[in-house]
Number of protein chains: 2
Amino acid sequence: MDIAFLLFPGVTQLDLTGPAQVLSRLPGARVHLVWENLDPVPTDAGFSILPNATFADMPSPDLLCVPGGMGIADVIDNEAALGWVRRAGAEAQWVTSVCTGALILGAAGLLEGYQATTHWAWHDKLALFGATPVHARSVMDRNRATGGGVTAGIDFALALTAKIAGDTIARTIQLALEYDPAPPFNAGSVEGAGAEIVAAYTDRANRIAPDRITRLDAAARRLGFTA
Amino acid sequence: MDIAFLLFPGVTQLDLTGPAQVLSRLPGARVHLVWENLDPVPTDAGFSILPNATFADMPSPDLLCVPGGMGIADVIDNEAALGWVRRAGAEAQWVTSVCTGALILGAAGLLEGYQATTHWAWHDKLALFGATPVHARSVMDRNRATGGGVTAGIDFALALTAKIAGDTIARTIQLALEYDPAPPFNAGSVEGAGAEIVAAYTDRANRIAPDRITRLDAAARRLGFTA
């Protein structure tokens, strides 16, 4: 099974590395990190990951997974990258995303008429691309599987593993990864975090990428999803 | 704040990438992935990560974090690597590990007389190196902070973030990463997984690294921890 992750500059690396850890343990899995060339790709966390396939090398993976991050706007504006997602997604058995990777799938036209989820702060933007936003950590609609923000990629990948290879394999991977979470705070959701923490998050996002929403809106217009 | 992760061939990449995602968002954090050279380092998940510092480049980080994985025995046998861990750990403000990275800290003499945790399947091996194993997902004893298996690195890093930078910053990072876990199964612990899944895990580990325990026992003798 060829599992292809889109790897791009500005990716939130845990969106990719979390599910890659789970899915790489599927029997027969080959993990491909795909980008336009094989140069190291800088992530959001201060280090680089190496792609191991180009778009030309991996035209039709069995499973496509698109992570998110502040680099998504550049991916959506990159015809080669969006074209690869569109073509790979049209052929793949599973078309999946984590976090704001769902908005790349959306921009590639792969979520029209599907239920999907994404990072909580971007949830209503799924509708720009014809998807129906669902407030859930992991959503499966036919062969589309989407995960919520960042760490949701682990839950999403275990759920997907169970679908693909059965519960026993999914449980064995969960035990191997000792995934028995015990967060020190209840701040992983808007409800749990409260208004002050939500504001602190938004301040930081505005500092890093003040144009993140306007660029997405512009892309939806340019690509013909909205007027 | 210079945060140095040891990056080595055969690392369980999520041991590193999980806490790196959290800790990279500490105010003023610089993330360094340190290895003996700057060549791409193959991880356990089918892709490579690029080191961005050598041992010589990063003699005294503020925070040392050692991940685990099947490559730990080679690290313990590598004098340059173990020597760097020993020296960096002697100077660092925080000496930390995730998963079986605790056994590297132990082999470097950094856990003698400390409480610590590690991956469930290796828990009793901490005593080889003079540490007191504690069954907890995250253990802090003075400036030693250790996390349990793989995904425990996320809980561990949030707890450490709170210690270093306060609860508000830790909660804001938790919300940004939408860490509101909802595993599809209750199989992340030995108790939850049950005997059949534990046996499946052990079979796989025996296939991949049948000598993993004997090599560790031999290293403890060679390094003078045991007779």
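**Exercise 1. How close do the axes of helix H8 of chain A and helix H6 of chain B come, and at what angle do they cross?** Work out whether the pair is roughly parallel or roughly perpendicular, then list who touches whom.

*Solution.* Bear in mind that this is a predicted model.

- Step 1: Start with the geometry. H8(A) covers residues 195–208 and H6(B) covers residues 167–176; their axes come within 9 Å and cross at roughly 70°.
- Step 2: Classify the angle. Values of 65 to 115 degrees count as roughly perpendicular, so H8(A) and H6(B) are roughly perpendicular to each other.
- Step 3: Find the partners. H8(A) brings Glu196(A), Ile197(A), Val198(A), Ala200(A) and Tyr201(A), while H6(B) offers Thr168(B), Arg171(B), Thr172(B), Leu175(B) and Ala176(B).
- Step 4: Sort them by class. You should get 6 nonpolar, 2 polar and 2 charged residues.

**Exercise 2. Now take H6 of chain A and H8 of chain B: which residues meet?** Describe the crossing too.

*Solution.*

- Step 1: The axes of H6(A), residues 167–176, and H8(B), residues 195–208, come within 9 Å, with a crossing angle of roughly 70°.
- Step 2: That makes H6(A) and H8(B) roughly perpendicular, therefore.
- Step 3: On the H6(A) side look for Thr168(A), Arg171(A), Thr172(A), Leu175(A) and Ala176(A); they meet Glu196(B), Ile197(B), Val198(B), Ala200(B) and Tyr201(B) of H8(B).
- Step 4: The class count for this contact is 6 nonpolar, 2 polar and 2 charged.

**Exercise 3. Is the crossing of H5(A) and H6(A) left-handed or right-handed?** Give the contact residues as well.

*Solution.*

- Step 1: H5(A) spans residues 152–165, and its axis comes within 7 Å of the H6(A) axis, crossing at roughly 145°.
- Step 2: The crossing of H5(A) and H6(A) is right-handed.
- Step 3: Leu158(A), Thr161(A), Ala162(A) and Ala165(A) of H5(A) make the contact with Asp167(A), Ile169(A), Ala170(A), Ile173(A) and Gln174(A) of H6(A).
- Step 4: By class, that contact of H5(A) with H6(A) has 6 nonpolar, 2 polar and 1 charged residues.

**Exercise 4. How much area is buried between chain B and chain A?** Say which residues of chain B lose the most.

*Solution.*

- Step 1: Each chain puts residues into the contact: 62 from chain B and 62 from chain A.
- Step 2: The buried area is about 5,400 Å², and carbon and sulfur atoms give 63% of it.
- Step 3: In chain B, the residues losing the most area to chain A are Leu175(B), Glu178(B) and Phe185(B), together 14% of what that side buries.

**Exercise 5. How many salt bridges does the structure hold over all chains, and how many lie across the interface of chain B and chain A?**

*Solution.*

- Step 1: Over all chains there are 16 salt bridges.
- Step 2: Across the interface of chain B and chain A you'll find 2.
- Step 3: Asp44(A) and Arg25(B) pair up through their side chains at 3.1 Å, N to O.
- Step 4: Within chain B, the side chains of Arg30(B) and Asp2(B) form a salt bridge at 2.8 Å, N to O. Arg30(B) sits in strand S2 (residues 30–35) and Asp2(B) in strand S1 (residues 2–6), so this pair ties together parts 28 residues apart in sequence.

Terms used
Residues numbered from 1 in each chain as written. Chains lettered and ligands numbered in written order. Predicted model: local features only at pLDDT ≥ 70, side-chain atom pairs only at ≥ 80, totals over all residues. Heavy atoms only, no water. Axes fitted to C-alpha atoms, helices over the stretch in contact; angles between N-to-C directions. Helix = DSSP H or I, 4+ residues; strand = E, 2+ residues; numbered from the N terminus. Parallel < 35°, antiparallel > 145°, perpendicular 65-115°, else oblique. Contact = heavy atoms within 4.5 Å. Nonpolar A, V, L, I, M, F, W, Y, C, P; charged D, E, K, R; others polar. Left-handed = near helix turned anticlockwise from the far one by under 90°. Buried area = accessible area lost by both parts, 1.4 Å probe. Salt bridge = Lys/Arg side-chain N within 4 Å of Asp/Glu carboxyl O.
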